[in-house]
Amino acid sequence: MSSAIQSDLDVEASQKTGRVDMSDLLLYHAVPSRSMIVHWMLEELGVPYEIELLHLETEDHKQEQYLAVNPMGKVPALRHGDVVVTETAAICAYLAEAFPEAELDIAPGSPLRGEYLRWLFFAPVTAEPAILWQALGNVTTDVDYLPFA
Ligand SMILES: N[C@@H](CCC(=O)N[C@@H](CS)C(=O)NCC(=O)O)C(=O)O
C-alpha cells in the first residue's frame, strides 16, 4: 500500500468546522473505482481527510492489512475514528449525518426523506446491477424486461 495523501483542504476546512482532527477521517481509495464517489462526498463536506491509496492491479485490496478493514476486499471503505463503514451509499449517508453543518443530510421527519432514500438506494440496487449486467454482455431486445427495476 502507498502512504496516505494529505488533503489540500485540511487547513481551510478545519478552520470552517473546527471539530474534526486531521487524522479522524481516512478514505481507502482506488482510481478508478466507486471510492471516487466518496472522495467527491468528502470534498462536498469540506472537512479534512486523508487518503490511503490502494492499487487494485497489484491487489492491495486483497492483502491481510486491508482485509482487516473490509473483509470483502472491496473499495471504498471509510474509517472515522474507531468506526469503519463500507458500501458506497452507506458511507455517503453516514457522512451526511455525521457532518450536519454541510446540510447534505435529509433527516427523518423531513417530507423529502422518502425521495432522498429512493435515490440513495437507486444507484447501487437498480442502476449499477443493470449497467454491470449489460457490461458483462447480457443484451436483450425486450424493452419490457427490466430484471433489476
Ligand atoms: N457494493 C459495493 C461495491 C464495491 C466494489 O465492488 N468495489 C470495486 C471497485 S468499484 C472493487 O473493490 N473491486 C475490486 C475487486 O472486486 O477485486 C459498494 O457500493 O461500495
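**Note on the predicted model**

1. The protein chain has 5 helices and 5 strands. Read from the N terminus, the order of these elements is β-α-β-α-β-α-β-β-α-α. The model is a predicted one. The chain has 149 residues, of which 20% count as buried. Taking contacts between residues at least 6 apart in sequence, 61% join residues at least 24 apart.

2. The largest nonpolar core holds 21 residues, and those touching the most other members are Leu27, Val38, Leu42, Cys92 and Leu95. Two or more residues come from each of β2 (25-29), α2, β4 and α4. The largest contribution is that of α4, with 5 residues. As background, nonpolar side chains in soluble globular proteins tend to be buried together.

3. Helix α4 deserves a separate look. Its buried residues are Thr88, Ile91, Cys92, Ala93, Leu95 and Ala96. These buried residues pack against α2 (35-45), β4 (77-80), β5 (83-86) and α5. Cysteine 92 touches Ile37, Val38 and Met41, if residues up to four places away in sequence are not counted.

4. Alanine 89 also belongs to α4, which covers residues 88-98. This alanine has 19 other C-beta atoms within 10 Å, so alanine 89 is partly exposed; a residue needs 20 or more to count as buried. Apart from neighbours within four places in sequence, alanine 89 is in contact with Leu120, Phe121, Ala123 and Pro124. For one of these partners, leucine 120, the separation from alanine 89 is 31 residues in sequence, while the C-alpha atoms are 6.3 Å apart.

5. Helix α5 runs over residues 113-135 and has 23 residues. From first C-alpha to last, α5 reaches 32 Å, close to the expected 33 Å. A bend of about 55 degrees is nevertheless found in α5 at phenylalanine 122, and proline 124 follows within four residues. After α5 comes glycine 137, with a positive phi near 100 degrees.

6. Which residues lie around the ligand? They are Ser33, Arg34, Leu56, His61, Lys74, Val75, Pro76, Glu87, Thr88 and Pro124. By class, this shell has 4 nonpolar, 3 polar and 3 charged residues. Several of its members recur in other points: Thr88 is among the buried residues of α4, and Pro124 is one of the contacts of alanine 89.

7. Two cis peptide bonds should be checked by eye. Valine 31 and proline 32 are joined by a cis bond with omega about -5 degrees, and proline 32 sits in the loop between β2 and α2. Valine 75 and proline 76 are likewise joined by a cis bond, with omega about 5 degrees. Proline 76 is in the loop between α3 (64-67) and β4. Both valine 75 and proline 76 belong to the residues around the ligand.

8. Most residues other than glycine have a negative phi, and most peptide bonds are trans. Glutamate 59 has a positive phi, near 60 degrees, and lies in the loop between β3 (50-53) and α3. Is glutamate 59 buried or exposed? Glutamate 59 is exposed, because 11 other C-beta atoms lie within 10 Å.

9. Glutamate 87 has a positive phi as well, near 80 degrees. Its place is the loop between β5 and α4. With 17 other C-beta atoms within 10 Å, glutamate 87 is partly exposed. Glutamate 87 is also one of the residues around the ligand.

Conventions. Residues are numbered from 1 along each chain as its sequence is written. This is a predicted model: local features need pLDDT of at least 70, side-chain atom pairs count only at pLDDT 80 or more; totals for chains, interfaces and linings use all residues. A residue is buried if 20 or more other C-beta atoms lie within 10 Å of its own, exposed if 12 or fewer, and partly exposed in between; C-beta atoms are placed from the backbone. Two residues are in contact if their C-beta atoms, placed from the backbone, lie within 7 Å. The expected span of a helix is 1.5 Å times one less than its number of residues. The bend at a residue is the angle between axes fitted to the seven residues ending there and the seven starting there. A residue is near a molecule or strand if its C-beta atom, placed from the backbone, lies within 6 Å of it. Ala, Val, Leu, Ile, Met, Phe, Trp, Tyr, Cys and Pro count as nonpolar, Asp, Glu, Lys and Arg as charged, and the others, Gly among them, as polar. A nonpolar core is a set of buried Ala, Val, Leu, Ile, Met, Phe, Trp, Tyr and Cys residues joined through C-beta atoms within 7 Å.
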